[in-house]
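Trainee: I would like to go through this model with you, one topic at a time. Could we begin with the empty space inside?

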2 protein chains.
Amino acid sequence: MSVVTIERKVLEKNDALAAVNRERFSARGLLVLNIVSSPGAGKTSLLEATIARLSSRMRIGVIEGDVQTDLDAQRVGRYGVPVVQIVTNGSCHLEANLVGQALDRLNLDDLDLLIIENVGNLVCPASYDLGEAMKVVVLSTTEGDDKPLKYPAMFRQASVLVINKTDLLPYVNADIDAIRRNAWTVNPRLTVFETAATTGAGLDAWCEWLVSTTVGAHA
Amino acid sequence: MSVVTIERKVLEKNDALAAVNRERFSARGLLVLNIVSSPGAGKTSLLEATIARLSSRMRIGVIEGDVQTDLDAQRVGRYGVPVVQIVTNGSCHLEANLVGQALDRLNLDDLDLLIIENVGNLVCPASYDLGEAMKVVVLSTTEGDDKPLKYPAMFRQASVLVINKTDLLPYVNADIDAIRRNAWTVNPRLTVFETAATTGAGLDAWCEWLVSTTVGAHA
């Protein structure tokens, strides 16, 4: 019983700090996305491909969240955008206070779009608001088409679903229509993109959506 | 501060219940494995292929853990082995008390090997002992070769690493030697198998290890 109470208090405190972050973003018209997925679904590769295509058109900043290592910040940093790495030291999700600290190390006035790459975990990050405008859930085709049904909270919390690694569809037992159907069963409002971050397939639609949504946030 | 204390108490209580489970297993010489991985790494497919090969040679039982749905229990149940599904209703890991309740619905005296398939999550299940003899971590080649470094707790807690979906190696940016090297950096005592559950590659070595380890537990 006491555990549930404590957990509720943790979430309430997180929500309050997320609201502070959200005000910092909206005061600047800064679009902030919280990218979530299982480990290895391709969040970082999608981020690299996105930055490579869009960094001449808009100013992008990144916050990387990982249980250990700054490997992802190193990868993204090569593209010349500002990156802050948060190492959670064992914790399975980012929280609003950690993101708030990371924000102090970025010049938010110099950004149009801030992408937060969460810890690879399809369960826990669903409960923690970071102040983002939207959660984007990335699902790899290699994970199978039943995942929206098995991990519904994340798909319910997300506004956008990116089905990644479509280049591997010929080699895996996954049906992309079944992924869409299962995702929409859980959350009929999901905007869905299909991408292969390593080949570039589908990135145009995803990037154009990012550009128009970023412009919309700024207006 | 109080949250940390509560969390320690939760883990202590879980450890005590795991010890009770472990005694039930060792009194019968029953080998119990706790299979962990990211969502979609192929735990259930590996389980299906393993049962298909071994069910005539030993008596296998399964406990399925999922956040939602009994899809995995339905898949495994087709192979004619006793299966109990635990639905955690949002919780990101199995705990020893849930497993204890599931044990009451299996006839343990009629089993040689009990496989517990945990919730798909490469972080949280590392902290929760279920009473198993060993944790087996399954890593899909599609997740990339950096995962042991980025999620070290799970690889440190595991006794066995199964590198699955080796059939997809020609199509992904992952180096199987780098996976082994990174895993051994984190835990030099890991026993490693390479499998492709859907093609059958590598299953002989994995299954022979299972047979000899099951016999060893019974002796």
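Trainee: How do the residues lining the largest cavity divide into nonpolar, polar and charged?

Mentor: This is a predicted model. The lining of its largest cavity has four nonpolar, six polar and three charged residues.

Trainee: How much space lies in that cavity, and which lining residues are closest to its centre?

Mentor: The largest cavity holds about 50 Å³ of space. It is lined by 13 residues, and those closest to the centre are A:T142, A:E143, B:P39, B:T142 and B:E143.

Trainee: And how many cavities of 30 Å³ or more are there?

Mentor: The count is three.

Trainee: Changing topic: how many disulfides does the structure hold over all chains?

Mentor: Zero, taking all chains together. A:C92 is in no disulfide, and the nearest cysteine sulfur, that of B:C124, is 3.5 Å away. Likewise, B:C92 is in no disulfide, with the sulfur of A:C124 as the nearest, 3.5 Å away.

Trainee: Why does a distance of 3.5 Å not qualify?

Mentor: A pair counts as a disulfide because its sulfur atoms lie within 2.5 Å, and the sulfur of B:C124 is 3.5 Å from that of A:C92.

Trainee: Is A:C92 buried or exposed? And B:C92, buried or exposed?

Mentor: A:C92 is buried, at a relative accessible area of 12%. B:C92 is buried as well, its relative accessible area being 12%.

Trainee: On to the largest nonpolar core: which residues have the most contacts inside it?

Mentor: That core has 44 residues, and the ones with the most contacts inside it are V137, F155 and L161 of chain A together with V137, F155 and L161 of chain B. In chain A, the elements giving two or more residues to the core are β5 (134–140), α6 (152–157), β6 (160–164) and α7 (176–186); in chain B they are β5 (134–140), α6 (152–157), β6 (160–164) and α7 (176–186).

Trainee: What does A:L161 touch, leaving aside residues up to four places away in sequence?

Mentor: Its partners are A:V137, A:L139, A:F155, A:I179, A:A183, A:L190, A:T191, A:V192 and A:F193.

Trainee: One last residue: where is B:V83 placed?

Mentor: B:V83 belongs to strand β3 (residues 83–87) of chain B. Its relative accessibility is 26%, so B:V83 counts as partly exposed.

Trainee: And which residues does B:V83 touch, with the same sequence neighbours set aside?

Mentor: B:V83 touches B:V62, B:E64, B:A73, B:V76 and B:G77, not counting residues up to four places away in sequence. B:A73 lies 10 residues away along the chain, and its C-alpha atom is 6.2 Å from that of B:V83.

Technical notes: Residues are numbered from 1 along each chain as its sequence is written. Chains are lettered from A and ligands numbered from 1 in the order in which they are written. This is a predicted model: local features need pLDDT of at least 70, side-chain atom pairs count only at pLDDT 80 or more; totals for chains, interfaces and linings use all residues. Side-chain values use heavy atoms; hydrogens and water are left out. A nonpolar core is a set of buried Ala, Val, Leu, Ile, Met, Phe, Trp, Tyr and Cys residues joined through side-chain atoms within 4.5 Å. Buried means under 20% relative accessible area, exposed over 50%, partly exposed in between (1.4 Å probe, protein chains only). Helices (H or I, at least four residues) and strands (E, at least two) are DSSP runs, numbered from the N terminus. Contact means heavy atoms within 4.5 Å. On a 1 Å grid over the protein atoms alone, a cavity is a set of points where a 1.4 Å probe fits but cannot get out, and a pocket is an open set with protein on both sides within 12 Å along at least five of seven lines; lining residues have an atom within 4 Å of a point. Grid points are joined across faces, edges and corners, and a volume is the space filled by probe spheres set on the points. Ala, Val, Leu, Ile, Met, Phe, Trp, Tyr, Cys and Pro count as nonpolar, Asp, Glu, Lys and Arg as charged, and the others, Gly among them, as polar.
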